[in-house]
Amino acid sequence: MHGGTRARAATTRALVAASLALAAACAPGARGPAPPPDDAARCEPLLRALDRAVAMLAEGRNDRGERILAALETEGATAPAACDPLLVEAGVTRLGVLGELGRYADAAALAEALASSGSLPPEAHDYLEGMRALASHEPTDEHPPLDAAFAALDRDPASARPLWSAALAVAPDDALALTGSGLGRLALGDAKGARRDLDRALAQHELATGAEVEPVAWWPLVPEPGPATPVTLLPEGLRGRARFEGPQGAPRARQWLGADEPAPVAAETPAQPALDAGPWAEAAPSGLRALLPADAEHPVRVLELALGTERRLPVAGRCALAVLSGDAAALACGEPGAAGEVLLVASDGSLARFALGAEARALALAGELVAVAEPARTLVLVRRGAALELARAFEGGASALALLVSPARALLLRADGDTLRLADVASGAELLAAPKRCDRLRALPGELVQCGAEVLAPNGAPVAYRGPHPILLAVDGARQQALVAAGDGTPPAPRPFAAPVALPAGPWSETPDGRFAVVSYGHALGVHALATGERLATWVPTRHGVAAFVPGGRVELWGEPGPALGCRFDDVLTVFEVCRERAVAPGAVWQALTGGRGYLEP
């Protein structure tokens with residue numbers, strides 16, 4: 001490493017120490033006299049924000065503390081003069097934190113402003129000169145060798161500590177070295193030191209790329225991740241390549257190798273379980289829910305999307321098909337290519353089973369009836385007490401099914417190749433065999449059915465949709481639009497629709513009040529405002545938990561989604577711990593669905 005770089009490293013280390021001393025000098029105990037009573041009420045919110053920021057800094061949460069101080073500075077612009085001592089204290093405290101984060105240009109600009117107002121403490125003038133000098137340096141492309149440190153971190157974090165210290169001694173602003181150091185401290189139980197290192201790494205990534213951090217989930221498009229693995233990043237569906245190294249195959253940093261040309265990608269990737277089950281929605285935002293498939297560690301789960309609570313069903317193993325209706329769920333489970341079984345889980349959690357003679361190809365649920373298609377026959381099952389019994393069998397399989405149930409009768413619709421078949425369940429009589437191909441069947445109110453992008457009457461004739469709210473007839477992820485039937489009898493019309501990936505959408509449904517649409521996109525599940533098409537949240541279930549991404553670069557977590565999460569800074573992808581403090585916002589989903597954005601506040 002060149003002598004100039006070493007000299008800058010020494011200056012940086014000295015100024016980081018000065019940053020800590022400067023921030024410590026502004027502890028609440030050194031605070032000046034309280035404002036007059038008339039102004040105290042207007043200064044009180046600033047005082048609370050300052051105390052909160054100081055508490056964050058005491059825990060090593062420098063990024064969050066700095067953002068609170070920056071917001072306080074903005075709010076203080078309209079505060080009475082009696083609040084000025086608090087604002088000066090906040091400014092000097094922020095000055096020290098900016099230096100510790102390595103944001104030298106921002107620190108120099110703030111110090112200049114404080115100096116021009118006569119608020120810069122005398123001991124900080126040398127600090128200002130140092131910040132000016134560091135801000136004038138061109139970024140270096142030289143990075144310390146870190147392979148040995150990362151290898152030691154994987155084996156024994158304690159033995160890696162001297163290696164990280166040595167790396168940071170010569171390159172205190174190296175984001176990758178700061179990341180490794182922070183991960184090492186975290187493994188050793190030093191949460192405060194880890195957060196300081198990781199917050200500084202976050203700041204250096206943002207400075208280097210000029211991009212604000214964005215939490216993402218990544219999916220490899222090949223079974224085994226390796227060098228330059230093609231991946232998709234959710235929630236925005238960006239395709240590119242990344243290297244996967246380190247503990248549990250997690251990406252580290254400088255390993256996102258740039259975006260490929262946008263192109264549709266396959267929904268099936270064996271590295272993580274897909275969201276095979278179709279979503280189902282209730283009227284209230286708190287009732288939005290989805291079915292999450294089982295894996296080796298978890299049973300089938302029903303997730304209340306807005307609240308983040310889950311209900312575990314007494315079902316384990318591979319369930320390739322699943323549907324929700326009310327509080328009941330039907331699942332077709334078994335190994336691929338083998339005969340499995342149909343399970344019906346009632347709202348009280350009781351379970352009924354029916355053994356199949358072949359692999360299930362399609363599934364539908366309405367009330368106490370379950371329809372399941374095998375390759376050569378289609379069965380209608382009915383729940384009687386604790387048993388699931390055969391009510392009717394029809395020759396021929398189906399690629400899609402729908403049950404139309406009314407007080408007068410129950411009808412079964414089957415998409416059988418290029419033929420749409422309608423049969424009466426009670427008598428077994430076939431009422432219709434029309435030449436029509438339906439890649440999607442869905443029961444609608446009034447004994448109507450959605451066939452692909454059309455609405456049909458029971459006799460197979462297309463009809464104008466009249467209903468209490470709009471419905472989706474098609475979602476085109478590549479064109480970012482949806483075909484919507486308004487419900488007033490007018491022809492369906494395309495509308496903007498913010499799909500997260502350029503994929504054909506899977507199952508979807510709308511809330512009965514017409515406010516939301518829930519759409520499955522391969523590995524992701526999106527909730528949209530039906531009126532505008534805006535995507536309000538994107539759920540990404542993994543083997544370890546669920547991550548829900550909301551607008552503004554925030555994420556709410558249920559469980560620990562594990563190595564599938566990362567932080568993206570433009571063309572840099574790194575481990576999630578770097579941006580966890582900034583990105584995680586408990587309660588963000590409920591706020592996003594109800595129009596709030598309070599989760600963006602620091």
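Modeller: A crossing is left-handed if the near helix is turned anticlockwise from the far one by less than a right angle, and right-handed if clockwise. By that rule, helix H7 (residues 147–155) and helix H8 (residues 157–170) make a left-handed crossing. The model is predicted, with local features taken at pLDDT of at least 70, side-chain atom pairs at pLDDT 80 or more, and totals for chains, interfaces and linings from all residues. Residues are numbered from 1 along each chain as its sequence is written, and side-chain values use heavy atoms, with hydrogens and water left out.

Colleague: How is H7 oriented against H8, roughly parallel or roughly antiparallel?

Modeller: The two helices pack at an angle of about 160°, with their axes 7 Å apart (axes are lines fitted to C-alpha atoms, for helices over the stretch in contact, and angles run from 0 to 180 degrees between N-to-C directions). Because angles over 145 degrees count as roughly antiparallel, H7 is roughly antiparallel to H8.

Colleague: Which residues make the contact of H7 and H8, and what is its make-up by class?

Modeller: With contact meaning heavy atoms within 4.5 Å, H7 contributes Ala148, Ala149, Phe150, Ala152, Leu153 and Arg155, while Pro157, Ser159, Ala160, Leu163 and Trp164 come from H8. By class, nine of these residues are nonpolar, one is polar and one is charged.

Colleague: How do you know whether the span of helix H10 (residues 191–209) agrees with its length in residues?

Modeller: The expected span is 1.5 Å times one less than the number of residues, so the 19 residues of H10 should span 27 Å, and its end C-alpha atoms are indeed 27 Å apart. After H10 comes Gly210, with a positive phi near 70°.

Colleague: What makes S16 and S19 edge strands of their sheet?

Modeller: Two strands pair if DSSP finds at least two bridges between them, and the open, antiparallel sheet of four strands has the order S16-S17-S18-S19. Strand S16 (400–405) and strand S19 (430–435) each have a single partner strand, so one side of each lacks a neighbour in the sheet. Neighbouring strands here are turned by 15° against each other on average, direction ignored.

Colleague: Why do S16 and strand S17 (residues 410–416) count as a pair?

Modeller: Six bridges join these antiparallel strands, where at least two would suffice, and Leu401 has Arg414 in S17 as its bridge partner.

Colleague: How are the strands S23, S24 and S25 arranged?

Modeller: They form an open sheet in the order S23-S24-S25, with antiparallel pairing. Strand S23 (471–476) and strand S25 (493–496) stand at the edges, because each has a single partner strand, and neighbouring strands of this sheet are turned by 35° on average, direction ignored. S23 pairs with strand S24 (residues 481–485) over five bridges, with Val475 opposite Ala482 in S24.

Technical notes
Angles under 35 degrees count as roughly parallel, over 145 as roughly antiparallel, 65 to 115 as roughly perpendicular and the rest as oblique. Ala, Val, Leu, Ile, Met, Phe, Trp, Tyr, Cys and Pro count as nonpolar, Asp, Glu, Lys and Arg as charged, and the others, Gly among them, as polar.
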